[in-house]
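Here is a walk through one small set of helices, a strand and the loops around them. Have the structure open while you read.

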Amino acid sequence: MIKVTKQLAQALLEMADDNNLVLLKTTKAVLASQLGMSQETLSRKLTFFQEKGDIELEDQRKIMLLNVEELKNI
């Protein structure tokens, strides 16, 4: 599971704009598929990051990165 967590953290960092905002251009199902994980795993990991205070899920396609350094260190 550490590999999946690291993979998602790296993907979020790569997709973020200069304001640390990720605007998903696809659905979470497509993103999960692109990352080689199930949609359920993606949802669990996003919830995990949110509970830790690393991200904020603003709506279905907007994710604000709150703790970039923590995500980089995963």
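A residue is called buried when its relative accessible area is under 20%, exposed when it is over 50%, and partly exposed in between. Keep in mind that this is a predicted model.

**Helix α1**

With those cut-offs, the buried residues of α1 are Val 4, Thr 5, Leu 8, Ala 9, Ala 11 and Leu 12. Looking down the axis of α1, you find its buried residues within an arc of 160°, so they line one face of the helix. That fits the usual pattern: an α-helix has 3.6 residues a turn, so residues three or four places apart point the same way. On the face turned away from the buried side of α1 sit the exposed residues Ile 2, Lys 3 and Glu 14.

What lies over the buried residues of α1? The cover includes β1, α3, β2, β3 and α4.

Two residues of α1 are worth a separate look. Thr 5, in the helix that runs over residues 2–15, has a relative accessibility of 9% and therefore counts as buried, being under 20%. Setting aside its neighbours within four places in sequence, Thr 5 is in contact with Lys 45, Phe 48, Phe 49 and Ile 74. Gln 10 also belongs to α1, but at 41% relative accessibility Gln 10 counts as partly exposed.

**Helix α3**

Now for α3, residues 39–52. Its 14 residues should span 20 Å at 1.5 Å a residue, and the end C-alpha atoms are indeed 20 Å apart. α1 gives a matching picture: it has 14 residues and reaches 20 Å from first C-alpha to last, close to the 20 Å expected.

Which residues of α3 are buried? They are Thr 41, Leu 42, Lys 45, Leu 46 and Phe 49. These cover an arc of only 130° around the axis, which puts them on the same side of α3. The face turned away from that buried side carries the exposed residues Glu 40, Arg 44 and Glu 51. Covering the buried residues of α3 are elements including α1, α2, β2 (55–59), β3 and α4. Just after the helix, Gly 53 takes a positive phi of about 85°.

**How α1 and α3 meet**

The two helices pack at an angle of about 75°, with their axes 11 Å apart. Angles of 65 to 115 degrees count as roughly perpendicular, and α1 and α3 are therefore roughly perpendicular to each other. On the α1 side the contact is made by Val 4, Thr 5, Leu 8, Ala 9 and Leu 12. On the α3 side, Thr 41, Leu 42, Lys 45, Leu 46, Phe 48 and Phe 49 take part.

**The core and Ile 63**

In soluble globular proteins, nonpolar side chains tend to be buried together. Here, the largest nonpolar core has 20 residues, and those with the most contacts inside it are Leu 8, Leu 12, Ile 55, Ile 63 and Leu 65. The elements that give two or more residues to this core are α1, α2 (28–34), α3, β3 (62–65) and α4 (68–72). α1 supplies the largest share, five residues.

Ile 63 sits in strand β3, and at 1% relative accessibility Ile 63 counts as buried. What does Ile 63 touch, not counting residues up to four places away in sequence? Its partners are Leu 12, Asn 20, Leu 21, Val 22, Leu 24, Leu 46, Ile 55, Glu 56 and Leu 57.

**The loop between α1 and β1**

One of those partners, Asn 20, lies in the loop between α1 and β1. Asn 20 is partly exposed, with a relative accessible area of 29%. Asn 20 also has a positive phi of about 65°, although it is not a glycine. Asp 17 is in that loop as well, which leads to β1 (21–23). With a relative accessible area of 34%, Asp 17 is partly exposed.

**Pairs far apart in sequence**

Finally, here are some C-alpha to C-alpha separations for residues already met, each with a partner elsewhere along the chain.

| Pair | Separation in sequence | C-alpha distance |
|---|---|---|
| Asp 17 and Met 64 | 47 residues | 9.8 Å |
| Gln 10 and Asn 73 | 63 residues | 9.7 Å |
| Ile 63 and Leu 24 | 39 residues | 8.0 Å |

How values were computed:
Residues are numbered from 1 along each chain as its sequence is written. This is a predicted model: local features need pLDDT of at least 70, side-chain atom pairs count only at pLDDT 80 or more; totals for chains, interfaces and linings use all residues. Side-chain values use heavy atoms; hydrogens and water are left out. Helices (H or I, at least four residues) and strands (E, at least two) are DSSP runs, numbered from the N terminus. Buried means under 20% relative accessible area, exposed over 50%, partly exposed in between (1.4 Å probe, protein chains only). Contact means heavy atoms within 4.5 Å. A nonpolar core is a set of buried Ala, Val, Leu, Ile, Met, Phe, Trp, Tyr and Cys residues joined through side-chain atoms within 4.5 Å. The expected span of a helix is 1.5 Å times one less than its number of residues. The arc is that of the directions from the helix axis to the C-beta atoms. Axes are lines fitted to C-alpha atoms, for helices over the stretch in contact, and angles run from 0 to 180 degrees between N-to-C directions. Angles under 35 degrees count as roughly parallel, over 145 as roughly antiparallel, 65 to 115 as roughly perpendicular and the rest as oblique.
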